[in-house]
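Thank you all for making the time this morning. I would like to walk through one model with you, element by element, and I will try to keep to what can be read from the coordinates.

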Amino acid sequence: MKKLLSLFVVGVLTMGFATAQEGLFRRTYINHTELGGLFGRVKYRPYQGSDEVVENRLSLTLQTFNGLQLNPRLAAGLTTGLDWYTAALITPIAAGVRYDLTGKRNARLFATADAGYGLAWFHDDSEGYQTRGGMMLNPGLGLRLGRPEGAAFTITLSYKRQEASVTKPPLWDQTERYETRVYNRMCLRMGIAF
Amino acid sequence: MRPTPLLLLFAVLTTGLWSCNDQCQETRVVKQMTPVTVSLMEIRRSLKTEAPRALEHPGKIYIKGNYLLINEIKKGLHVIDNSNPAAPRFVSFINIPGNGDMAVRDNILYADSYTDLVALDITDPTQPKEVGRVGEVFKNGQFEGAWWSYNESIGAINDQKVEYRTETISTNCEENPVMPGMWWGIGGAWRMMDVAFSSSAAPASAPGSSDGKGGSMARFALYNQFLYTVGQNNLHLFDISNPAKPASYSTVNIGWGIETIFPYKDKLFIGSSTGMYIYDNSNPSDPKQLSVFQHMMACDPVVVQDNVAYVTLRSGTTCRNAQNQLDLVDISDLSRPRLIKSYPMQNPHGLSINFPTLYLCEGQYGLKTFNVTDQFGVDKNLLSHMKEVDAYDVISLGKTLLMVGKDGFYQFDATNPRQLRQISKIPVGKSAI
C-alpha cells in the first residue's frame, strides 16, 4: 500500500511536469473546497451466536484541495480535511489530482483522486484508548458547473477507503485488545472550485 | 484515449460502492483457564534441581548475598550467581510446582509449593536439597488470577491452567463494542489487588543469622525465629528456631484479600486489597492488630521509612475507574495512620526506597525515581523516568538496583539516581549462561 501510494505521488508529479510543456498555458493556483457525507454500513454480531446486525453510518467530511493547474486539464496538489467517523476524527493529508474529462463546457465531468495518510491528530481518545490513523484512498467522479475560466460549483461522488487502528484497554480476562478498522464509504460532496 | 480513464474510474467506483461496509476487527488476547487436578504425591515427587533454563514468566525476586532467586511463576526458582552484577550467571533451576514466594535464612531457602512449605538447603546452590517440609498449610492461592485450592478429601490441588488465546471478532467500529458473552465484565468491580511492603532497612533477623531480601510484592517475611507467610485471609507463623526444620506454629485471621507482608522494626505491615493492616510484633509469636488504613480502592505495594509509609494504588486491567496513585501516609501514631498527600501515577506496581530516593515501577510505563524529602512536593521531584522498560518489582540495595519486569531482569547502577546506568539484563526467553 505504501509503495503504491508513493508511486501515485511520483506519477502525479511527473505527469504534471510532462504535460506542462504543451502550448501557451500559464499555471494558476487552484482551490477546491468541499463538504459532504460519507455513507456506509456496518455488519456485525453484537454477541457470539447472534444474528448479524446491519447499521447505517453517515459521517461528515470536509476537505480542501490546494494545487496548481498544471495544464488545461490537469491540476495537482495537496488535499487535507477532516472526517468525523463515529469513533475517530481523522485528518487526511494526501496528494490529489483533478482531471478534466470533457473539455471546455459550462458543465464538465472531472475525475478526482486523493491518496495519502489519515492522521488521528485531533481525535480525543477516551481514557485507555489510543487511536491511530492509516492509509487513505479516495477516487471518484465529479461534475463542475460554472464557466471554464471562473469559479465553479462542484458535486462529486467518490469511494473512500480509510484505515485506522485503535488500542483499547483490555477487559477483565484479556491481556491485550486492539481493533483494526477499514472505513469503506461512498462519499457525496458539494463544493466550490476557483 | 479519453474513455479509458473514465471507464477505469467508473469500475473502481462501482466495485467500491458495492462494498461500502466498514470493516472492523477487534483482536484480543484472552486469558483462558482450564481446570486441572494435581495430586500432592505428584507435586512432592517433582521437586528437584534441574539444569539452568531461560526466564519465561518471571515473578518475584529475592536476593541473598551473591545469589539471586527469580521466581518462574508457578514453576520454581532460578538460582543466579550474581557475584559479578555485570554478568549474572544461571546456576540451576529448582523445579517447585506451585511456587510463588521465597525467603532465605542462612543457607535455608523457604519456598511455597501449592499447599506445602518446603525448606531447602542451598549451601551448594547447584544442588539444593530438600531438608524439611510442612505439609498442607496453605489452603488456597492464586497465580496470574487463576485460583487453586486444596482438596483435602483426595489429597490433591484443584488448579487452573492459564492459557492465552487470540480471538478476532468483527465489531461495529465503535469504541466499545458489545462483548460476546461477557457484558458483565464491563465496569465490573474486579480489581488487581496487591499490597506489599519493603524498606531500605533490612528486617530484623534472629541474632547471629542472616536473611535475604525480597521485593515489595513478597508474601513471605522473616523475623526473629519466625517465618511469616500471608495467605488469602490469614497470617501463618512458622517456627524456624531450627532453620532446617520449620514447624507450623500458629495462624492469625486477618481479613479477606491479604496480599503482602513486611516487617519494619517491631511492626508488621500487612497489605490487602482494601487497605493496610498494622500489627504490633513486639511479641513475635503473637502479633496484635494496631490499626487499619482503609483504601477506597485496591492498593499495591507500600514502602515504609521511619514515620512515613508510601502506598500505591493501581487500577487493574478490568477496573478503569480505579485510581492510579501514590499515597504518603503518616504512621508516627501507628494506631492512627493519617494520609499526608496523594499523587497521581500511571500504573504503579512494586516500589522500593533508599531514602531520600524512591523507586517506583510503573508497569509498562517504566521505572520512575523520585526524591521524597519534600512530602508535599514528590511530584515536583521526579529525578528520572526510564520509559523503555517494563517494570514489575524493584529492590534497592543502595548502590545497585534490581528490577524485574515482563521483558526480563535488570540491574542498574544507582549511584546517581538521576542517571540510572544499566549494568546487566537477563532477557526473557534467553539464558545468560
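**A walk through the model**

Let me begin with a single residue, B:V79, which sits in strand β5 of chain B, the strand that covers residues 76-81. Before going further I should say that this is a predicted model, so please keep that in mind throughout. Is B:V79 buried or exposed? B:V79 is buried, because 22 other C-beta atoms lie within 10 Å, and the cut-off for calling a residue buried is 20 or more. If we leave aside the neighbours within four places in sequence, the contacts of B:V79 are with B:Y67, B:L69, B:V91, B:S92, B:I94 and B:P125. There is also B:P52, which is 27 residues away along the chain from B:V79, and whose C-alpha atom is separated from that of B:V79 by 7.9 Å.

Now to the sheet around that residue. The strand β5 belongs to an open sheet of six strands in chain B, with the order β2-β6-β5-β4-β3-β15 and antiparallel pairing. At the edges stand β2 (48-50) and β15 (213-214) of chain B, and since each has a single partner strand, one side of each is left without a neighbour in the sheet. As a general reminder, the strands of a sheet pair through backbone hydrogen bonds, in either a parallel or an antiparallel manner. Within this sheet, strand β3 (residues 58-64) of chain B pairs with strand β4 (residues 67-72) of chain B over five bridges, in the antiparallel sense, and in that pairing B:I63 is found opposite B:L68 of β4(B).

A second sheet in chain B is also worth our attention. Here four strands form an open sheet in the order β20-β21-β22-β23, again with antiparallel pairing. Its edge strands are β20 (258-264) and β23 (288-294) of chain B, each of which pairs on one side only, and from one strand to the next the twist averages 20 degrees. Between β20(B) and strand β21 (residues 267-272) of chain B, which run antiparallel, there are six bridges, and the bridge partner of B:F262 in β21(B) is B:F269.

The loop between β20 and β21 of chain B holds B:K265, whose phi is near 55 degrees, a positive value in a residue other than glycine. For context, most residues other than glycine have a negative phi, and most peptide bonds are trans. As to its surroundings, B:K265 counts as partly exposed, because it has 14 C-beta neighbours inside 10 Å.

Where do we find B:D306? B:D306 lies in the loop between β24 (302-305) and β25 (308-313) of chain B, and those two strands form a hairpin with two residues between them, B:D306 in the turn having a positive phi of about 50 degrees. With 12 C-beta neighbours inside 10 Å, B:D306 counts as exposed, whereas β25(B) is mostly covered, five of its six residues being buried. The pairing of β24(B) with β25(B) is antiparallel and runs over four bridges, with B:Q305 opposite B:V308 of β25(B). Further, β25(B) is joined by six bridges to strand β26 (residues 325-330) of chain B, the two running antiparallel, and there B:A309 stands opposite B:V329 of β26(B).

One peptide bond deserves a mention as well. The bond joining B:F355 and B:P356 is cis, with omega about 5 degrees, and B:P356 is placed in the loop between β28 (351-354) and β29 (357-361) of chain B.

Let me turn to the nonpolar cores. The largest has 89 residues, and those that touch the most other members are B:I61, B:M102, B:Y110, B:F269, B:I270 and B:V394; B:F269 is the residue we met as the bridge partner of B:F262. Apart from that core lies another, of 13 residues, including A:A75, A:F110, A:A115 and A:L137.

That brings me, finally, to chain A. What elements does chain A contain? There are one helix and nine strands, which run α-β-β-β-β-β-β-β-β-β from the N terminus on. Of the 194 residues of chain A, 39% count as buried, and among the contacts in chain A with a separation of 6 or more, 56% are between residues 24 or more positions apart.

How values were computed
Residues numbered from 1 in each chain as written. Chains lettered and ligands numbered in written order. Predicted model: local features only at pLDDT ≥ 70, side-chain atom pairs only at ≥ 80, totals over all residues. Contact = placed C-beta atoms within 7 Å. Pairing = 2+ DSSP bridges. Axes fitted to C-alpha atoms, helices over the stretch in contact; angles between N-to-C directions. Core = buried A, V, L, I, M, F, W, Y, C linked by C-beta atoms within 7 Å.
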